[in-house]
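User: Please take a close look at the eight-stranded part of this structure and the helices that cover it. I should like one connected account that also follows the surrounding contacts and closes with other strands for reference.

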Amino acid sequence: MQVLKFGGSSVANAENINKVVAIVEKAVASQRTIVVVSALGGITDTLLAAASLAAKGDENYKSKLLSIEQRHLEAVKALLPVTQQSGVLSLVKKQCNEIEDICNGIFLLGELSLQSKDRIMSYGELLSSQIIAHRFAISGTKAVWKDSRELIITNATYGNAAVNYTATNAAINSFFQNNNDSLYILPGFIASNDKGITTTLGRGGSDYTAAIIGAALDANAVEIWTDVSGMMTADPRLVNNARIIPAISYQEAMELSHFGAKVIYPPTIQPVMKKDIPVWIKNTFAPQDHGTIIQREVNKNGNSVRGISSMNKMSLLSLEGSGMVGIPGFSKRLFEALAKEEVNVILITQSSSEHSICVAVDEANADKAKQAVDKAFEVEIANGKVDPLIVEKEQSILALVGDNMKSHPGIAGKMFHVLGRNGVNIRAIAQGSSERNISAVIASSDVAKAINVLHEAFFETTYKQLNLFIAGVGNVGSKLLAQLHQQKEYLQEHLRLQVNVVGIANSRKMLFKEEGIDLASWKDALQEGTPMELSSFINLIKEKNLRNSVFADVTANNEVAKVYDQLLMKSINVVACNKVAASSSYAYYKKLKDLSREFNCQFLFETNVGAGLPVIGTLNDLLRTGDKVQRIEAVLSGTLNFVFNNYNGEKKFTDVVKQAQDEGYTEPDPRLDLSGVDVMRKIMILAREASEHIEMDDISNNAFLPASCMEGSVADFYASMAKEEAHFKSLYDAAAKEGKILKFVASYEADPSGKSKGKASVGLQHIDPAHNLYHLYGKDNIVLFYTNRYPDQPLVVKGAGAGAEVTASGVFADIMRTVTE
């Protein structure tokens with residue numbers, strides 16, 4: 001004997017019912033078969049809607065009933081030949097008339113009781129099962145229809161009746177022992193009490209019907225046929241890479257179904273588990289797929305976690321107060337108050353201090369729960385010993401489930417680390433002594449992100465997804481996008497990482513595509529984007545709330561730098577090519593660093609100093625390993641190094657600067673480079689990273705540009721430089737006379753005692769051939785770190801310190817660090 005149950009999607013229309021018939025006829029060929037069917041997809045909801053309208057005095061219930069009748073009549077006409085339709089059409093008409101009579105009574109009374117609801121809902125399964133039974137006849141397969149209400153006996157708790165197993169098992173065995181047919185068709189979901197009044201087993205109860213029948217008859221197997229190919233590691237609507245679970249234990253299936261997995265109705269497991277009957281989850285639309293088998297023993301598959309599930313529309317109730325500490329009975333009174341109002345408690349957690357108890361309940365029950373609890377504790381609340389019940393709505397319960405989690409240290413730690421890193425705040429935690437389930441209450445808005453990051457952490461060996469937002473797609477930004485496009489396959493193959501560029505923006509347009517922007521055609525796509533508005537761009541990043549999010553600022557914009565704090569507070573990693581934030585006030589710099597630590601994300605700005613050179617990273621490595629900076633000497637401007645490497649007094653200084661600008665080494669206004677202000681920012685950033693509390697005003701600048709060059713437009717600047725050629729020539733000659741060259745040098749020296757501020761300066765210096773800074777060519781940068789470990793021979797970082805390609809590669813490297821460190 002085997003029991004097959006087909007859900008609403010499997011019997012939604014004639015085409016699907018024919019698929020069901022093909023599956024069943026194949027099954028009947030091997031052994032006796034009982035088929036349990038649900039109502040046609042959506043019919044139960046329509047029946048309830050009609051009854052609710054009738055109770056409200058709204059005559060639109062009649063149109064609902066008409067649509068129900070039409071749908072069943074159409075199914076009969078599509079399934080049966082004309083010569084065999086008459087009797088079935090009459091049956092449908094008769095039962096639809098009964099539904100109408102009940103709704104008319106509800107309309108007149110203006111009342112819809114639970115008993116009436118059960119009666120109304122029962123017609124969905126009664127109609128579908130009888131139509132399907134008649135469909136088998138036309139293909140020569142005898143199918144015996146049996147009313148489940150005569151087999152399953154329950155109490156009178158309408159809407160979710162409890163089964164009387166003694167009476168039920170006796171009725172089932174009596175019927176099937178006295179009938180030897182090969183195929184039986186039963187309506188699912190419905191039952192009756194000992195007075196013969198219709199009851200139901202709860203929404204989703206057709207699964208339960210199949211399990212009850214299967215357990216009573218010691219069936220070889222129970223098969224649940226639905227529209228997916230088994231239970232999955234996570235909800236596929238939320239996780240694109242969710243996979244089928246080939247085998248799962250009864251206990252794991254119960255946990256996952258209880259916490260929101262919709263494939264199987266939670267009570268289904270209990271009766272079959274007692275009899276050790278395997279349950280298969282199969283796909284009506286892909287019957288060849290393996291599906292999922294639910295059984296007692298499951299082979300280990302290398303994963304400690306079997307699946308991830310969630311329950312939405314929850315509320316967290318918190319009872320708190322100093323008067324609860326050490327006083328017995330508070331928990332008892334809380335649960336009694338909730339029980340009296342029939343409020344089901346789904347999750348419980350209590351602090352060891354006994355100062356608070358938290359429970360999670362269905363959001364629909366939150367208001368009546370608060371009224372009941374506040375009334376139960378009104379004396380303590382009045383005396384200030386207990387606070388009024390705190391209700392937090394729009395919460396969800398996230399559950400990590402697996403038999404193999406038992407005695408495996410680190411599962412909970414990994415779960416909480418992954419959630420914390422992505423800014424998912426955990427409001428409450430619960431874990432049973434079986435260690436089969438770890439549950440956490442989180443905001444409903446975080447569910448999709450939370451499930452995705454947990455799925456990546458526990459199941460995905462293919463790749464991890466990084467969601468990237470880029471502001472600034474000019475010279476450096478476009479090179480970054482080209483590098484990301486070029487490295488796409490390498491990152492997936494070697495790092496198992498998929499970089500998904502979700503948003504890009506320039507000063508005019510912004511573009512968002514959650515599925516990822518095609519990097520081969522991003523320029524055209526951006527042209528079709530919406531007008532750029534910074535606050536909208538940032539708000540969209542926050543609202544999307546995507547896992548492993550990174551914001552890369554490849555602008556030089558002050559306003560963009562001012563929004564980093566908003567992103568960090570949402571646990572969104574910030575990678576800044578823009579120097580403004582790290583070189584702004586020390587208070588803002590420190591705020592950003594502190595926020596990155598507080599919200600478990602990263603604020604990285606390696607390219608602020610030395611473009612793609614590992615300058616800041618090297619400095620941080622020294623400090624993290626216990627070294628201490630004594631002083632730093634550096635040439636930090638690729639522009640100034642290029643200029644003074646190419647100026648020898650023969651070619652005019654203004655022409656060398658113009659060459660630097662034409663080759664892309666300078667800012668649009670070269671005075672930003674030549675004034676030394678940019679170098680001041682860079683040495684300040686290094687000093688701050690070395691734990692120095694320093695502002696721009698603390699840095700001395702021995703500028704070499706005459707004041708006249710700083711006035712007017714860029715064209716005026718070039719004209720003034722031409723007039724000041726004698727000044728620049730004199731600077732070169734003075735150095736050459738000493739056998740030295742000119743370098744614009746930044747330096748920082750820490751106070752040895754640590755009691756006073758260190759000193760920082762920038763300016764033009766004469767460098768002799770023996771100096772470490774002498775052999776520095778083209779646009780190269782160099783940084784000399786003198787530390788406790790490198791007191792005489794410094795640690796040197798040297799290389800190209802300017803250029804779009806190397807700067808973009810530095811930003812790229814920082815982006816990688818957000819997910820690999």
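Analyst: The account below begins with the basis of the values, then takes the sheet, its helices, a salt bridge beside it and, finally, strands elsewhere in the chain.

The model is predicted, so local features are reported only at pLDDT of at least 70 and side-chain atom pairs only at pLDDT 80 or more, whereas totals for chains, interfaces and linings use all residues. Residues are numbered from 1 along each chain as its sequence is written, and side-chain values use heavy atoms, with hydrogens and water left out.

Helices and strands are DSSP runs numbered from the N terminus, helices being H or I over at least four residues and strands E over at least two. Two strands are taken to pair if DSSP finds at least two bridges between them. Strands of a sheet pair through backbone hydrogen bonds, in either the parallel or the antiparallel sense.

The part in question is an open sheet of eight strands, which follow one another as β3-β5-β2-β1-β8-β10-β11-β9 with mixed pairing. Its edges are β3 (144-145) and β9 (247-249); each has a single partner strand, so one side of each is left without a neighbour in the sheet. Within the sheet, β10 (residues 279-283) is joined to β11 by three bridges in the antiparallel sense, and I281 stands opposite T292 of β11.

Helices lie against this sheet. Helix α1 (residues 14-28) crosses β1 (2-6), β2 (33-37), β5 (183-187) and β8 (221-226), and runs at about 175 degrees to β1. Helix α5 also packs on the sheet, where it touches β2, β3 and β5, its direction making about 160 degrees with that of β5. Contact here means heavy atoms within 4.5 Å. Axes are lines fitted to C-alpha atoms, for helices over the stretch in contact, and angles between N-to-C directions run from 0 to 180 degrees.

Helix α5 (residues 114-137) has a helical partner as well: it packs with α4 (residues 86-109) at an angle of about 175 degrees, the two axes being 11 Å apart. That angle makes α4 roughly antiparallel to α5, a term used for angles over 145 degrees (under 35 is roughly parallel, 65 to 115 roughly perpendicular and the rest oblique). On the α4 side, the contact includes V88, L91, V92, I99 and I102; on the α5 side, I120, Y123, L126, L127 and I131 are among the residues that meet them. The residues of this contact divide into 13 nonpolar, four polar and two charged. In this division Ala, Val, Leu, Ile, Met, Phe, Trp, Tyr, Cys and Pro count as nonpolar, Asp, Glu, Lys and Arg as charged, and the others, Gly among them, as polar.

Which residue forms a salt bridge with E252? The partner is R306, with the closest N and O atoms 3.0 Å apart. A salt bridge is a side-chain nitrogen of Lys or Arg within 4 Å of a carboxyl oxygen of Asp or Glu. This pair links distant parts of the chain, since E252 lies in helix α8 (residues 250-258) and R306 in the loop between β11 (292-295) and β12 (307-320), 54 residues apart. E252 counts as buried because its relative accessibility is 1%; R306, at 5%, is buried too. Buried means under 20% relative accessible area, exposed over 50% and partly exposed in between, for a 1.4 Å probe and protein chains only. The structure holds 36 salt bridges.

Two strands elsewhere in the chain may be set beside this sheet. Strand β19 (residues 497-505) is mostly covered, with nine of its nine residues buried. It pairs in the parallel sense with β18 (residues 464-471) over eight bridges, and A471 stands opposite A505 of β19. Three bridges also join β19 to β20 (residues 509-512), this time antiparallel. A505 stands opposite M510 of β20, and a hairpin of three residues connects β19 to β20.

Strand β17 (residues 437-443) is also mostly covered, six of its seven residues being buried. It runs antiparallel to β15 (residues 390-401), to which seven bridges join it, with L398 opposite A440 of β17. Five bridges link β17 to β16 (residues 426-431), again antiparallel, and here A428 stands opposite V441 of β17.
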